[in-house]
Amino acid sequence: MSPAYLLKRLALIGYTLFVVSLLVFGITQILPADAATMLLGENATPAALAAVREKLGLNDPAWLQYWHWLSGVLQGDFGTSTRTGQPVGPTMFTALGRSLQLALLAILLTLSLALPLGIGGAVNRGKAADLGVSITSYIGVSIPEFVSATLLILVLADWLQWLPATGYVPLSENFGRGIEHLVLPVVTVSIIMIAHISRMVRSELVDVLHTDYIRAARLKGLPPRTVLFRHALRNALLPTITIVALDVGYLLGGVIVVEEIFALPGLGRQLIVAIQTRDLPSIQAGALIMASTYAIANFIADLAYAWLDKRIQYG
Amino acid sequence: MSILSVDDYSLDYAVPAGLRRALDGVSLHIDRGEVLGLVGESGSGKTSLAWAIMRYLPESAKESGRIALGSQPLTGATPGEIAAIRGKRIGMVFQDPGTSLNPTLTLGAQLSEVLVLHRGLAKKEAETEGEALLARVGLRNPAAMMRRYPHEASGGEKQRVVIATAFACQPELILFDEPTTALDVITARQILDLFAELQEETHVASLYISHDLAVVSAIANRVAVIHRGHIVETGPIGDVFARPRDSYTKMLLEAVPRPGHRIVATQPDAQSAPLLAADRIGVTYGRKSFVSSLLGRAQERFAGNREVSLTIRPGEILGIVGESGSGKSTLAKALTGLNPFTGEIRFGGRAIANLRAMDEAYRRDVQIIFQNPDSSLNPRQRVREILSRPLALYGETKGGKTRDVIAGLLEQVRLPAEFADRFPHQLSGGEKQRVAIARAFASNPKLVICDEITSSLDVSVQAAVIALLVELQRIHGTSYLFITHDLNLVRQIAHRIAVMYRGALVELIDVSRLPEGAVNGYTRELLAAVPAPLSARA
Amino acid sequence: MGELFARMRRSPQGLLGMILVATMLVIAITGPWIAPYDPETFAPLLRYKPPTFEHWMGTDQYGRDILSRLLVGARSTVLMAMLASALGTLAGALIGTTSAYLGGRADEAIMRTIDAVMSIPSLLMALLIVTLLGKSSVNALFAIGIAFTPGMARVTRSVALAVRKQDYVSAAIARGESARYIVWREMLPNVVAPIIVEMTIRVAFAVMLFATLSFLGLGAQPPKPEWGLMVSESRKYMGQSPWMILWPSLSIATVAIGFNLLGDGLRDALNPRT
């Protein structure tokens, strides 16, 4: 990878984070005709409104408000929660840690199931097993997280009583019970990803298996296993990196819903609470952190892809 | 005993409508040290025969008859037996090295793996042997080439690697499926020479499949002509090409471009002023990269055309030859306003300095036909609408109704009037190209630029399209700028020939003075590389 | 058009997709008229009933007939989702085509910005916009439409660029056709088909997103019979009656599957070369 390429990617992520911060701030603070009313509600007194406006610096020009906020953020100061009175930063980042735990476990589960399913589907194309898996993944992609979560809770927690329905135990405290509480959320949020990624892997591999170079490999007399593992997979799995990176976006959305349903104290939950209590600084921080996480995940995936694929043109 | 024997072999594919016969009672044989050329056009079944020999047929295939490798029958062989034969006793070289090599494995890895598999070499030995093989096929610096990826090698280099891989396990039979079609003429020549060398050295039996009779005549001992699944004629190559018995063979031979056989009878008026003069046309590609300018690096601008100057007289056919990347299409696009250019065009006395100056009058008089008929006709427009556009733009209805004019246009290109209601995907390649020609001639242009318009067509279809163009030229006196990479073809029809190399015009010569009169080194190299025209008929 | 339907019938996805979506549309449009009961009438004596002859899907915590609520709520879920997708597609198509047409630096700048905007996950974007506009079905519709715009802009642009590269567009330019003709008659007919396929598949996602927003309390507000809301409200009563959760969940999934299938079927049918 050439320095020019790296430079360009870094510049891009800088620009991306800048745009994200503009959007988050703009939507939550600039666009509302009056953020003060949005915060306090319709029945607030003019005096209270004026006080809040003063306090939040809403009388300053837009770009100045943005600048104050951004410079604070860059120094690590995300403001103070209007709900708890505590600094927003530490709360959000701790919450992020828990969400990342959930996300990473979900990605692990997804990859370990989606890859074999996708590969198996492509290799056994058209047979009964493939059809079965295809149909299942079609259905899997069409069920929103809150539906699958609810159904899983219904069956596994309420009816069979195998797993707890809600709640959170930090893994550091009690690994066993912590995992118990994480199983349902991780499975829920993974369902859509497994369905989606296995379909993508299958489709990608089917395309690869039809290429001229795979035909050439077969006609060289190479055994089917060699053709699959040595020749086909490296070409089919490379685009998977990009797809997984893009799916992190769905994942983060799913995390929000799942944390709400299973009462997990992660970033998603914090966001929902912040939205419901109109805690502006928390909303801004949470959204910024979440979007930045996604942007950075994509950035890493880009670099990994470029490093692995010799054909990417530098710059 | 023959190395390859095919006895009364038939192949059908099961399609929704029933059975489609791909091969019908095919019989042929190849002995040790022999090269059998299998010649046919698209849809003839020649490639199906290759798959049948390699036992690489889909499940929908139904066969009858017998194919055998020496004493071992291939039809009816078990998967185990087939696996033992592929790569080891039968090798294959494919058409496009760009797609038949795995882009994510090094060339060396793809070569070594057959050595490990079929010759039982250890990995290290296989690498050493691989290097030796690469040297044998004429690659400079084999050690470096082993470590390269396909995209880091040129087409010719890749094809040499593929050939090395096929020969590596010393097979008894090698199938060659149009191995030089995707390469430029000079590289193709080198590959053909390499093939001849190796074949003589190893006495491998070879089946050389091609649509190009000139190429086949250069390297084959015997030839089989295949048409719609039937072998219509077979025999020693000199005999078949000199004294063909079958009508299809005769038609095919007639259609092959031969420089000695001039098709165009007209001559441009030597005294008249040039119709179009291109003065130092330059085209550059590439954008300034922001990052590059930040890092102070030199800008990479790629020159598509370097100061190309030429003239075309009324009624003249000017041929432009060159390899891909030589800038011929770039020039064509500049002349029709599709590329921004520097320099000047003078047309009919007027000066055209840039795209904006190309007004309706210019565009009416200068038309272009593209290479690929699949993409030059809008798939969502019927032929009627496609042909009505130039009429609408240039008002050429001459008082008659549009429908009649369109019928007239179709007739001119020998297509039935009902075709006006069809969509492009309902037409064959040749028919689509005729529609494109009709479209170009709708405005009665003075100059028609033909950008490789027959390159994607079969030989017989190409001959028909060329005949049509020649006829239209005779009737209307149109000038052509005929771009092609086929030197034999252009010598049949052009009055003058321009040779392009790497964006520059290196030679401009009267066709009558070829080949001895060629001055430029590249031109001479090109002329030497072109397969010699068939010795058959004058 | 007739030809299109014939082609759709050929593939199992197309056929099934058409049937499901058509059924859903009929329900969405005629829902309020064919519903056997008023979706909002309380009937305290008939709470938590399982499926019976009078109530084919049972009743909810207030004794309201679930089937009727589903039929009436279909409008919100299905039509809103389609509208939101159409909105996002239109806005996105405009941006994408313009960007493709402008080309060069402008195109690159627009696309980098679109990419940056796409860093905000769809659900999060919708949440932020609903926060801005206030909680309601209509605002959720706008939120989802806006959230879809950058994705559709990207798709439109890449399709437009691919079409732009075709020789028939070059032929049109060489003929001296006007920009209007080129965009409308040469490019758009070839761009529209893939966009429609994409949009159809997005509707499935919109359905899910819309239901999720309502579920989180940020979309349709009670007592509206929106399907996501129905699932959300039924969570507390899973013990009393699993049917309350089952039917709306199944409906949401069915609509999403239907549109996915339809999109796949359309993709095959609209390919002019096959």
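In strand 8 of chain B, Leu207(B) is the bridge partner of Leu36(B), and this pairing belongs to a set of five bridges that join strand 3 (residues 35-39) of chain B to strand 8 (residues 205-210) of chain B in a parallel arrangement. The model is predicted, and the points below take up the sheets of chain B, the helices of chain A, a helix pair in chain C, the contacts between chains, and some backbone details.

**Six-stranded sheet of chain B**

- Strands 3 and 8 of chain B take part in an open sheet of six strands, which has the order 6-7-8-3-9-10 and mixed pairing.
- Strand 6 (90-93) and strand 10 (230-236) of chain B stand at the edges of this sheet, and because each has a single partner strand, one side of each is left without a neighbour in the sheet.
- From one strand to the next, the twist of this six-stranded sheet averages 15°.

**Four-stranded sheet of chain B**

- Chain B also has an open sheet formed by four strands in the order 2-1-4-5, and here the pairing is antiparallel.
- The edges of the four-stranded sheet are strand 2 (18-30) and strand 5 (72-73) of chain B, each of which pairs on one side only.
- Within this sheet, strand 1 (residues 4-15) and strand 4 (residues 61-69) of chain B run antiparallel and are joined by eight bridges, and Leu4(B) has Leu69(B) in strand 4 of chain B as its bridge partner.
- Helix 1 (residues 46-54) of chain B packs on the sheet, where it touches strand 1, strand 2 and strand 4 of chain B, and the direction of this helix makes about 75° with that of strand 2 of chain B.

**Chain A as a whole**

- Chain A has 12 helices and zero strands, and its C-alpha atoms fill a box of roughly 85 × 60 × 35 Å, taken along the principal axes.
- Of the 315 residues in chain A, 41% are buried.
- Among the contacts in chain A with a separation of 6 or more, 70% are accounted for by residues 24 or more positions apart.

**A helix pair in chain C**

- Helix 3 (residues 66-102) and helix 8 (residues 179-215) of chain C have axes that come within 8 Å and cross at roughly 130°, and these two helices are therefore oblique to each other.
- The crossing in which helix 3 of chain C passes helix 8 of chain C is right-handed.
- The residues of helix 3 of chain C that meet helix 8 of chain C include Met80(C), Ser85(C), Gly88(C) and Ala93(C), while those on the side of helix 8 include Ile195(C), Arg202(C), Val203(C) and Phe210(C).
- By class, the contact of helix 3 with helix 8 of chain C is made up of 12 nonpolar, four polar and one charged residues.

**Contacts between chains**

- In the contact between chain A and chain C, 36 residues of chain A touch 34 residues of chain C.
- On the side of chain A that touches chain C, the elements that give two or more residues are helix 1 (3-30), helix 6 (128-141), helix 7 (145-159), helix 10 (224-262), helix 11 (267-276) and helix 12 (280-308) of chain A, and helix 1 of chain A gives the most, with eight residues.
- The residues on this side of chain A divide into 28 nonpolar, six polar and two charged.
- The contact of chain C with chain B takes 15 residues from chain C and 18 residues from chain B.
- On the side of chain C that touches chain B, helix 7 (167-175) and helix 8 of chain C are the elements that give two or more residues, and the largest share, seven residues, comes from helix 7 of chain C.
- This side of chain C has six nonpolar, four polar and five charged residues.

**Backbone details**

- Most residues other than glycine have a negative phi, and most peptide bonds are trans.
- Pro222(C) and Pro223(C) are joined by a cis peptide bond with omega of about 5°, and Pro223(C) is placed in the loop between helix 8 and helix 9 (227-234) of chain C.
- Glu452(B), in the loop between strand 17 (447-451) and helix 19 (459-476) of chain B, has a positive phi near 50°, and Glu452(B) counts as buried because it has 20 C-beta neighbours inside 10 Å.
- Tyr48(C), in the loop between helix 2 (12-34) and helix 3 of chain C, has a positive phi near 55°, and with 17 other C-beta atoms within 10 Å Tyr48(C) is partly exposed.

How values were computed. Residues numbered from 1 in each chain as written. Chains lettered and ligands numbered in written order. Predicted model: local features only at pLDDT ≥ 70, side-chain atom pairs only at ≥ 80, totals over all residues. Axes fitted to C-alpha atoms, helices over the stretch in contact; angles between N-to-C directions. Parallel < 35°, antiparallel > 145°, perpendicular 65-115°, else oblique. Left-handed = near helix turned anticlockwise from the far one by under 90°. Contact = placed C-beta atoms within 7 Å. Nonpolar A, V, L, I, M, F, W, Y, C, P; charged D, E, K, R; others polar. Buried ≥ 20, exposed ≤ 12 C-beta atoms within 10 Å, placed from the backbone. Pairing = 2+ DSSP bridges.
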